[in-house]
Amino acid sequence: MYLVTVLGNLFIVLAVSSDPHLHTPMYFFLSHLSLADIGFTSTTIPKMIWDIHTHSRVTSYGGCLTQMSFFMLFGCLDSLLLTVMAYDRFVAICHPLQYLVIMNPQLCGSLVFVSFFISLLVSQMHNSVVLQLTYFKDVKISHFFCDPSQLLSLACSDTLTNNIVMYFVGAISGFLPISGIFFSYYKIVSSILRVPSSGGKYRAFSTCGSHLAVVCLFYGTGLGVYLSSAASHSPRKEAVASVVYTVFTPMLNPFIYSLRNRDIKRAMQRLLSRAA
C-alpha cells in the first residue's frame, strides 16, 4: 500500500510536469498536493515497516519530535492545499472569463509558498509546545507513530497554557481551511444553480467533483478517527482508525483524480508509452 501511494502520487507529479496541456493552475496545485501526500505518508509508514521488520518498538525522544514535526507539516500542508484548490475551482466556475488573469503563475506560486510557510509555522509552534512539557522516562505511546494528541496527553506537567496554544494551532490548520472550503463551495453551488441547462450544471460541477471527493475523504476520515477515539477511549482502536487517513487517503487520491479525469489519463498513457 505504501508503494502504491508513492508511485501513484509520483505518476501524477510526472504526468503534470511532462505534459504541456496540464500546465494549468488546477494541475499545478494537484502536483503539489501529490508531493504533500508522499511526504505525509512517508513520515509514519516506513518507520512502522522497519519496526515490524526489526521487532523494535523503541523510538528516541529526538526521533519522536522529528516525526511529529513532519507529520504536522505535511498534514497541515494537505489541508491548506485543498483549500487553495477549492479557491481555484471557485474562480474557474464563478469568474471563468477572468480565470487565467486572476490565477496567474505568480499568484499560484505565492499560494503554494504561503501554504508551506504556514504549515512550517504550525509545525514549529506545535514542537515548541511539546518541548516545554515534562515527561517521565520510558513513556509508552499506544500508537504506531508519535501522534501529537498522544504526546500531549502523556505529559505530567501543567498543560493549560499549552492547550490554549494547541487550540490556536488547530484553528489555523483545521477550522480556517474548512471554513474556506465551505465558503468556496457555497459560492460554487450558488453559481451552478443559476445555470439554465442541466447539461451546463453537470459540466460545471464535474470540474470540481474529484476535489470534493478528496476533501470528503481527507476530512471525513480524520474527523472519524478523533470522534471514534473520543467515544471509545481505546488507544488500539484509534491506532487502527489512524491507518485510514495516514495510508488509505493518500493512496486513493491519485485514483480519484486519474479515474475521473481524461486529461490525467491521457498524460499518464503518454508518460508510460514514452518510458516503454
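Contact here means heavy atoms within 4.5 Å. The legends below describe a predicted model.

**View 1. The protein chain as a whole is built from helices.** The protein chain has 12 helices and zero strands. Read from the N terminus, its elements follow the order α-α-α-α-α-α-α-α-α-α-α-α. Of its 276 residues, 46% count as buried. Among contacts with a separation of 6 or more, 78% join residues 24 or more positions apart. The protein chain exposes about 15000 Å², and carbon and sulfur atoms supply 70% of this area.

**View 2. A nonpolar patch lies on the surface.** The patch measures about 540 Å² and is made by M1, V4, F248, L252, F255 and L259. Helix α11, which spans residues 235-259, gives the largest share, with four residues.

**View 3. F248 is one of the residues of the nonpolar patch.** F248 is found in helix α11. The relative accessible area of F248 is 36%. F248 counts as partly exposed because this value falls between the 20% limit for buried and the 50% limit for exposed.

**View 4. N253 also belongs to helix α11.** N253 has a relative accessible area of 4%. N253 is therefore buried, as the cut-off is under 20%. Leaving aside residues up to four places away in sequence, N253 touches D37, V214 and L217. In helix α11, then, N253 is buried, whereas F248 is partly exposed.

Note on methods:
Residues are numbered from 1 along each chain as its sequence is written. This is a predicted model: local features need pLDDT of at least 70, side-chain atom pairs count only at pLDDT 80 or more; totals for chains, interfaces and linings use all residues. Side-chain values use heavy atoms; hydrogens and water are left out. Patches are made of residues with over 30% relative accessible area and no salt bridge: like charges are joined within 9 Å, nonpolar side chains (Val, Leu, Ile, Met, Phe, Trp, Tyr) within 5 Å. Accessible areas come from the Shrake-Rupley method with a 1.4 Å probe; for residues, only the protein chains shown count as cover. A salt bridge is a side-chain nitrogen of Lys or Arg within 4 Å of a carboxyl oxygen of Asp or Glu. Helices (H or I, at least four residues) and strands (E, at least two) are DSSP runs, numbered from the N terminus. Buried means under 20% relative accessible area, exposed over 50%, partly exposed in between (1.4 Å probe, protein chains only).
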